[in-house]
Amino acid sequence: MMRILLFLATNMAIILVASITLSLLGVESIMAQNGVDLDLGSLLVFCAVFGMAGSLVSLFISKWMAKRATHTQIITQPSNNNERWLLETVAELAQKAGIGMPEVGIFPSPQANAFATGWNKNSALVAVSEGLLRQMKPNEVRAVLAHEIGHVANGDMITLTLIQGVVNTFVMFFARIIGHTVDRAVFKTERGHGIGFYITTFIAEMVLGILASTIVMWFSRWREFRADAAGASLAGRNDMIAALQRLQSQQELPVDMPGELTALAISSQKKTDLAALFSSHPPLEKRIQALRDAA
């Protein structure tokens, strides 16, 4: 909760600084002189409320969504030795990482994959696929679990969601400025908003959203390196490398997790150079090399 409050306070400070900067630069005066009547301060607050609200709602319901989207079965009472070992291993790693015991689940998928989510590091969810349990050795599964515990301990789900909220805010803000300007200057709408505003705003949001997503994806890739380092610290560097190498064997296969949850997984499909810019995961070979270089 403290991380959320601190991040929200930071975001409010960013919005305040942006509003003051726009006023000092005389942006509103310049726009008014050109027939564009728009209250930038009010617009910025409006976009911040809606931009952050959507991200925060998705954060608070992330566990609920993940369970249903992946059909994850939560282990409450272990029914076999594998489930018992899974619970005991997560409990051990969580204690070493200094976080509360997460919920532990298994989801149906033939591929080796895992994810962690949740708004609170002391009330998270760690889930692994059936394929991972079948295809990996126990030490490799433990390393994957350590990677996911690393995400939780680092607060990565919270930070990524709130960064998305900031990005949403400024995409909405600048898209509406562009839409309003075009509506007044090109379509000559004198009062209210005409069709030009809505069309231009929609197009601007699409374009700016695509460009801004590169920022979010850069952070997502960076957090994977951090989680790998945490996994190496908790479970051993060699085991973390071995687990990533095991995932490499399936890199050419499409990831069968729902699209909105792909960023939560430990592995993703290999991308082309251009697509890599919008990828939530760095290439596995780079992650392996980073662990070797840190030795």
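This section describes the helices, selected packing contacts and several individual residues of a predicted model.

The protein chain contains 12 helices and 4 strands. Of its 295 residues, 48% count as buried. Among contacts between residues at least 6 apart in sequence, 69% join residues at least 24 apart.

Helix α4 spans residues 62-70. Its buried residues are S62, K63, A66, K67 and T70. These residues lie on the same side of α4, because they cover an arc of only 130° around the axis. The cover over the buried residues of α4 includes helix α3 (40-60) together with the strands β1, β2, β3 (114-117) and β4. Just after α4, H71 takes a positive phi of about 60°. H71 is placed in the loop that runs between α4 and β1 (73-74). With a relative accessible area of 54%, above the 50% cut-off, H71 is exposed. When residues up to four places away in sequence are not counted, H71 touches A66, I106, F107 and P108. Of these contacts, A66 is also one of the buried residues of α4. The C-alpha atom of H71 is separated by 9.6 Å from that of G105, although the two residues are 34 residues apart along the chain.

Helix α5 comprises 17 residues (81-97). From its first C-alpha to its last, α5 reaches 24 Å, close to the 24 Å expected at 1.5 Å a residue. The buried residues of α5 are E83, L86, L87, T89, V90, L93 and A94. Their directions cover an arc of only 165° around the axis, and they are therefore on the same side of α5. N81 and Q95, on the other side of α5, are exposed. The elements covering the buried residues of α5 include the strands β2 (103-107) and β4 (125-129), as well as the helices α6 (130-135), α7 (138-154) and α9. Strands β2 and β4 are also among the elements that cover the buried residues of α4.

Two residues were examined in helix α8, which covers residues 156-185. V167 lies in this helix and counts as buried, because its relative accessibility is 13%. Residues up to four places away in sequence aside, V167 touches A212 and V216. Both contacts fall within the range of α9, residues 195-235. V167 and G51 are 116 residues apart along the chain, and their C-alpha atoms are separated by 7.8 Å. V182 is also found in α8. At 23% relative accessibility, V182 counts as partly exposed. V182 touches F187 and T200, with residues up to four places away in sequence not counted. The C-alpha atoms of V182 and T200 are 7.2 Å apart in space, and the two residues are 18 residues apart in sequence.

The packing of two helices is described by the angle between their axes and the distance between the axes. For helix α9 (residues 195-235) and helix α10 (residues 237-248), the angle is about 130° and the axes are 7 Å apart. The two helices are therefore oblique to each other. In this contact, D228, G231, A232 and A235 of α9 meet R237, D239, M240 and L244 of α10. By type, the residues of the contact divide into 4 nonpolar, 1 polar and 3 charged.

The loop between α10 and α11 (273-276) holds S267, and S249 lies in this loop as well. S249 counts as exposed, because its relative accessibility is 60%. The C-alpha atoms of S249 and A112 are 9.9 Å apart, with their positions 137 residues apart in sequence. S267, by contrast, counts as buried, because its relative accessibility is 7%. Leaving aside neighbours within four places in sequence, S267 is in contact with N113, L247, V255, H281 and L284. Of these, L247 falls within the residue range of α10.

Conventions. Residues numbered from 1 in each chain as written. Predicted model: local features only at pLDDT ≥ 70, side-chain atom pairs only at ≥ 80, totals over all residues. Heavy atoms only, no water. Axes fitted to C-alpha atoms, helices over the stretch in contact; angles between N-to-C directions. Parallel < 35°, antiparallel > 145°, perpendicular 65-115°, else oblique. Contact = heavy atoms within 4.5 Å. Nonpolar A, V, L, I, M, F, W, Y, C, P; charged D, E, K, R; others polar. Expected span 1.5 Å × (residues − 1). Buried < 20%, exposed > 50% of the residue type's maximum accessible area, 1.4 Å probe, protein only. Arc of directions from axis to C-beta.
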